[in-house]
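Work through these short exercises with the model in view. Try each task before you read its solution.

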Amino acid sequence: MRIPIIAGNWKMNKTVTEGLNLVKELKGVEENTDVEVVVCPPFLHLSEVKNELKNTDIKIGAQNMHWEKNGAYTGEVSPEMLSEMGIDYVIIGHSERREYFNETDETVNKKIKSAIDYGIKPIVCVGETLDEREAKKANEKVKKQILKGFEGIDKEDMKNIVIAYEPIWAIGTGKTASSKEANEMISFIRNIVKEKYGLDISEELRIQYGGSVKPHNVIEIMNETDIDGALVGGASLKAKDFKEIINF
Ligand code: PGA
């Protein structure tokens, strides 16, 4: 049985005060659900949000990290810093990081390995552009992202990894992949993982869908057989919407 995981990616939104108000409203939502709930605020919020959520089961994720332990990397945050703070998850390779900050499958691979070394669970994002989908290259693109991103990652480590399939054309656009399209790609991903790591690992692996998940479409998405949760951007910024999604 895979436990569904719903994570809110706040991106570069909310001041610390606004973020604290949001998590105060979310508290308790995890008590009446079997869903694992994660919030991923900006780095600056992590310490206070962690403190605010200390007696709850809501998990905390960062939105990115460097792969090195420390060093002369101005403006970066290290896995050691996140791990000392007790951060549970880290989003790696979000399409916005790949597009605007030149992240590649190689840097994604280094970050996954480093997060695992520091006991932080990676949420690894993959997904195709609209052009790639229309040119029928979506599967090829996602397969490459998985194979390169996971190069040298052990079977054992896969147990702590979550994959998020996010078609780029569905992020922040109000367009969602149809639940069937999303499920097809997610079962394709599970199959790649099966070929690489075997049936057991592929059956255990949780794969989220992300891209314009809202209260009105979450049920249809979560009803699909291979979709184990959602990575939610815009709708995670409003407590009411995020709670409705968690309680789908
Ligand atoms: P969205 O973002 O829900 O606003 O489309 C999803 C994401 O980028 O993770």
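**Exercise 1.** How do the residues of the lining of the second largest pocket divide into nonpolar, polar and charged?

*Solution.* Start with the source. This is a predicted model, where local features need pLDDT of at least 70, side-chain atom pairs count only at pLDDT 80 or more, and totals for linings use all residues. Residues are numbered from 1 along each chain as its sequence is written.

Next, fix the classes. Asp, Glu, Lys and Arg count as charged; Ala, Val, Leu, Ile, Met, Phe, Trp, Tyr, Cys and Pro as nonpolar; the others, Gly among them, as polar.

Now the split: 8 nonpolar, 1 polar and 7 charged. R2, I3, K159, E204 and R206 lie nearest the centre of this pocket. Helix α10 (residues 199-204) supplies the largest share of the lining, 3 residues.

**Exercise 2.** Which residues surround the ligand most closely?

*Solution.* The shell holds 13 residues (a heavy atom within 4 Å). K11, H94, E166, G172 and S212 are the closest. Sort the shell by class: 4 nonpolar, 7 polar and 2 charged.

**Exercise 3.** Where does a backbone N or O atom of G234 lie relative to an oxygen atom of the ligand?

*Solution.* The distance is 2.8 Å for G234. For S212, a backbone N or O atom also lies 2.8 Å from a ligand oxygen. For G233, the value is 2.9 Å. Now take the area: alone, the ligand exposes 280 Å² (Shrake-Rupley method, 1.4 Å probe). The protein buries 97% of that.

Technical notes. Heavy atoms only, no water. Polar contact = N/O pair within 3.5 Å; in protein donor to acceptor, adjacent residues only side chain to side chain. 1 Å grid on protein atoms, 1.4 Å probe; cavity = no way out; pocket = protein on both sides within 12 Å on 5 of 7 lines; lining within 4 Å. Helix = DSSP H or I, 4+ residues; strand = E, 2+ residues; numbered from the N terminus.
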